[in-house]
Amino acid sequence: VGMPLLMFKNISEMDFYAEFSLKFILFCAIFSLATFLIIWFVALRLFPDRPAAGSMTYGMYFSPVAWLK
């Protein structure tokens, strides 16, 4: 119980506008889009069947998230 309360307290006291970085947000968005498109084109080359390419793209794009859990 203590850790969530401490996190909430720290977030509520944070100055959002001082920490906000539009450059960083744009970098993350562009990099994510580029990564997805590269994976999509590679999957289409490996699997000409569109549903198979879609599921392969989903698996390759979200597989690193599994390591975080």
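Let's start with Tyr 17, which sits in helix H2. Is Tyr 17 buried or exposed? With a relative accessible area of 71%, Tyr 17 counts as exposed, because the cut-off for that word is over 50%. Keep in mind while looking around that this is a predicted model.

Tyr 17 has company. Together with Met 14, Phe 16, Phe 20, Leu 22, Phe 24, Ile 25, Leu 26, Phe 27, Ile 30 and Phe 31, Tyr 17 makes up a nonpolar patch on the surface. The accessible area of these residues together is about 1,300 Å². Two elements give two or more residues to the patch, namely helix H2 (16-19) and helix H3 (22-46). Of the contributors, H3 gives the most, with seven residues.

**The chain as a whole**

Now for the wider view. The protein chain holds four helices and zero strands, so read from the N terminus on, the order is α-α-α-α, with each helix being a DSSP run. The C-alpha atoms fill a box of roughly 50 × 30 × 15 Å along the principal axes. The radius of gyration of the chain is 18 Å, whereas a compact globule of 69 residues would come out near 11 Å. Buried residues are 7% of the 69 residues. The accessible surface adds up to about 6,300 Å², and carbon and sulfur atoms account for 75% of that.

**Two helices side by side**

Here is how H1 and H3 compare with the span expected at 1.5 Å a residue.

| Helix | Residues | Reach, first to last C-alpha | Expected reach |
|---|---|---|---|
| H1 | 12 residues | 17 Å | 16 Å |
| H3 | 25 residues | 36 Å | 36 Å |

Both helices come close to expectation: H1 does, and H3 does too. What about cover? H1 is hardly covered, with a buried count of zero among its 12 residues. In H3, on the other hand, Ile 39, Trp 40 and Ala 43 are buried.

**A salt bridge in H1**

How many salt bridges does the structure hold? There is one. Lys 9 pairs with Glu 13, and their closest N and O atoms are 3.3 Å apart. Both residues lie in helix H1 (residues 2-13), where they are four residues apart, or about one turn of the helix. Glu 13 is exposed, at a relative accessible area of 55%. Lys 9 has a value of 42%, so Lys 9 counts as partly exposed, because that term covers the range between 20% and 50%.

**Over to H4**

Phe 62 belongs to helix H4. Its relative accessible area is 39%, which makes Phe 62 partly exposed. How far apart are Phe 62 and Phe 36 in sequence and in space? They are 26 residues apart in sequence, and their C-alpha atoms are 9.9 Å apart in space.

**How far to trust it**

The mean pLDDT of the chain is 84, and 91% of its residues reach 70 or more. Which element has the lowest mean pLDDT, and which the highest? Helix H4 (residues 50-68) has the lowest, at 78, and H3 has the highest, at 89. As a rule, predicted coordinates should not be read in detail where pLDDT is low.

Key:
Residues are numbered from 1 along each chain as its sequence is written. This is a predicted model: local features need pLDDT of at least 70, side-chain atom pairs count only at pLDDT 80 or more; totals for chains, interfaces and linings use all residues. Side-chain values use heavy atoms; hydrogens and water are left out. Patches are made of residues with over 30% relative accessible area and no salt bridge: like charges are joined within 9 Å, nonpolar side chains (Val, Leu, Ile, Met, Phe, Trp, Tyr) within 5 Å. Accessible areas come from the Shrake-Rupley method with a 1.4 Å probe; for residues, only the protein chains shown count as cover. A salt bridge is a side-chain nitrogen of Lys or Arg within 4 Å of a carboxyl oxygen of Asp or Glu. Buried means under 20% relative accessible area, exposed over 50%, partly exposed in between (1.4 Å probe, protein chains only). The expected span of a helix is 1.5 Å times one less than its number of residues. The radius of gyration is taken over C-alpha atoms; the globule rule is 2.2 Å times the number of residues to the power 0.38. pLDDT is the predictor's confidence in each residue, from 0 to 100.
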